[in-house]
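Reader: I should like to discuss the ligand site and the salt bridges of this structure. Please begin once the structure is displayed.

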Amino acid sequence: MTEKEQKYAELLQEVEALTDGESDEIANMANISAAIHAKFGFHWVGFYRVCGEELVLGPFQGPVACTRIRYGRGVCGTAWKEMRTLIVPDVEQFPGHIACSALSRSEIVVPIIREGAMVAELDIDSAELNTFDAVDESWLTRLITGKWQSCRPDKR
Ligand code: SME
């Protein structure tokens, strides 16, 4: 196991303990973003929730961020449209990237799918280029799976 995988394994245990038996989405998003941020020190870690036609900012750790993102816009809106994880090694190379913070250099967005629809997404920004890869995708997906029973799926 690499050092990164070891950290994710510890983080997964922490998150399971924090969210076990808790079905409230806001409480879980708050603790999960705080746990990830504390473990890795990423520039920004947080959630956007699907609210009608837009993503709306949810619990996060880091600098203030854009409140609303439209379907198909930026990295977050594109991950929603394509319903898949996006790993962006250099945000300046991503067409339409929404720069909430000038310090963000790379990014990963992982959709939270429930009943076949996206309910929210986890967004992590790094102040360094090329931070995220398939290892992050796989652990972050495990980290956020099965905790959103109270979320209302987007039935577009
Ligand atoms: N960079 C994102 C916007 C959200 S912030 O990074 C917190 C995007 O292009 O979707």
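Author: In this predicted model, strand E1 (44-51), helix H3 (74-82) and strand E6 (117-126) each supply at least two residues of the shell around the ligand.

Reader: Which element gives the largest share of the shell around the ligand?

Author: The shell comprises 13 residues, with Val 75, Cys 76, Ile 98, Glu 107 and Asp 125 as the closest. Three elements, E1, H3 and E6, each supply at least two residues. The largest share is 3 residues, and the element that gives it is H3.

Reader: How many residues of the shell around the ligand are nonpolar?

Author: The residues of the shell fall into three classes. Of these, 3 are charged and 2 are polar, and the number of nonpolar residues is 8.

Reader: What percentage of the accessible area of the ligand does the protein cover?

Author: Polar atoms of the protein approach the ligand at several points. Backbone atoms of Cys 76 and Ile 98 lie 2.7 Å and 2.9 Å, respectively, from an oxygen atom of the ligand, while a polar side-chain atom of Glu 107 is 3.1 Å from a ligand nitrogen. On its own the ligand has 310 Å² of accessible area, and the share that the protein covers is 99%.

Reader: Where does the ligand sit?

Author: The protein covers 99% of the ligand's accessible area. The site in which the ligand sits is the largest cavity.

Reader: How many residues apart in sequence are the parts tied together by Asp 133 and Lys 4?

Author: The whole structure has 10 salt bridges, one of which joins the side chains of Asp 133 and Lys 4 at 3.0 Å, N to O. Asp 133 belongs to the loop between E6 and helix H4 (134-143) and Lys 4 to helix H1 (residues 3-19), so the pair ties together parts whose separation in sequence is 129 residues.

Terms used
Residues numbered from 1 in each chain as written. Predicted model: local features only at pLDDT ≥ 70, side-chain atom pairs only at ≥ 80, totals over all residues. Heavy atoms only, no water. Near = heavy atom within 4 Å. Polar contact = N/O pair within 3.5 Å; in protein donor to acceptor, adjacent residues only side chain to side chain. Areas by Shrake-Rupley, 256 points an atom, 1.4 Å probe, with all protein chains shown as cover. 1 Å grid on protein atoms, 1.4 Å probe; cavity = no way out; pocket = protein on both sides within 12 Å on 5 of 7 lines; lining within 4 Å. Sits in = over half its atoms within 2 Å of the grid points. Helix = DSSP H or I, 4+ residues; strand = E, 2+ residues; numbered from the N terminus. Nonpolar A, V, L, I, M, F, W, Y, C, P; charged D, E, K, R; others polar. Salt bridge = Lys/Arg side-chain N within 4 Å of Asp/Glu carboxyl O.
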